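Let's walk through this protein together, one part after another. Keep the 3D view open as you read.

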Amino acid sequence: MKRLHVHVGVADLDRSIRFYSNLFAAEPSVVKPDYAKWMLEDPRVNFAISVRPEGAGGVRHLGIQVESQDELAEVYARLKAADAPVFEEGATTCCYAKSEKSWINDPQGVAWETFHTTGESTTYG
């Protein structure tokens, strides 16, 4: 089953964790000095925030997280059918997780990632 992914840049991590914890009625599943993530079931979303000290707050990117290699292949096929260049990042470490991912920009320039998480990491990336 696929899950929507939203990543937002924030200036004040602690304040943002309090805000989103109240909004989602849930504490984050991952908290690091510069990052937090909620794996919500209702709505089914992987919602992440990270500190952006340069002031570039707001939506960083959107994505589709899958739970298997078969689902990843299905979503990758959709990306290739879209009328835009695909950046195939492959195996990578990002956001305290090990994943396989690819990226595409929509016609407005919004970045979308598709990924399958395979493990945890002790570093952001």
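**A walk through the sheet, the helix and the pocket**

Five bridges join strands E5 and E8, and the two run parallel. You can find this pairing in the view by looking for Val-66, which stands opposite His-116 in E8. Please keep in mind along the way that this is a predicted model.

Now zoom out to the whole sheet. Eight strands make up an open sheet, and following them across gives the order E2-E3-E4-E1-E5-E8-E7-E6, with mixed pairing. The edges are strand E2 (30-32) and strand E6 (86-94), each of which pairs on one side only. From one strand to the next, the twist averages 20°.

E5 and E8 also have other partners. E5 (residues 58-66) pairs with E1 in the antiparallel sense, over seven bridges. Here a handy landmark is Arg-3, whose bridge partner in E5 is Gln-65. E8 (residues 111-120), for its part, pairs with strand E7 (residues 97-105), again in the antiparallel sense, over nine bridges. To locate that pairing, look for Ala-97, which stands opposite Glu-120 in E8.

Next comes the helix. Helix H1 (residues 13-24) lies across four strands: E1 (3-10), E2, E3 (35-41) and E4 (44-51). Relative to E3, helix H1 runs at about 5°.

Let's turn to the empty space. The largest pocket has a volume of about 330 Å³. Its lining consists of 23 residues, and those nearest the centre are Lys-37, Cys-95, Tyr-96, Ala-97 and Thr-117. Ala-97 is thus a residue you have already met, as the one opposite Glu-120. Which strands each supply at least two residues of the lining of the largest pocket? They are E2, E3, E5, E7 and E8. The largest share of this lining, five residues, comes from E8.

Cys-95, one of the residues nearest the pocket centre, leads us to a last stop. How many disulfides does a search of the whole structure find? The count is zero. Cys-94 is in no disulfide, and the nearest cysteine sulfur to its own is that of Cys-95, 3.2 Å away. Why is there no bond from Cys-95? The closest cysteine sulfur, in Cys-94, is 3.2 Å from the sulfur of Cys-95, which is too far for a bond, because a disulfide needs the two sulfur atoms within 2.5 Å. The two cysteines can also be described by their accessibility. Cys-94 is partly exposed, with a relative accessible area of 24%, whereas Cys-95 counts as buried at 10% relative accessibility.

Definitions and conventions
Residues are numbered from 1 along each chain as its sequence is written. This is a predicted model: local features need pLDDT of at least 70, side-chain atom pairs count only at pLDDT 80 or more; totals for chains, interfaces and linings use all residues. Side-chain values use heavy atoms; hydrogens and water are left out. Buried means under 20% relative accessible area, exposed over 50%, partly exposed in between (1.4 Å probe, protein chains only). Two strands pair if DSSP finds at least two bridges between them. Axes are lines fitted to C-alpha atoms, for helices over the stretch in contact, and angles run from 0 to 180 degrees between N-to-C directions. Contact means heavy atoms within 4.5 Å. On a 1 Å grid over the protein atoms alone, a cavity is a set of points where a 1.4 Å probe fits but cannot get out, and a pocket is an open set with protein on both sides within 12 Å along at least five of seven lines; lining residues have an atom within 4 Å of a point. Grid points are joined across faces, edges and corners, and a volume is the space filled by probe spheres set on the points.
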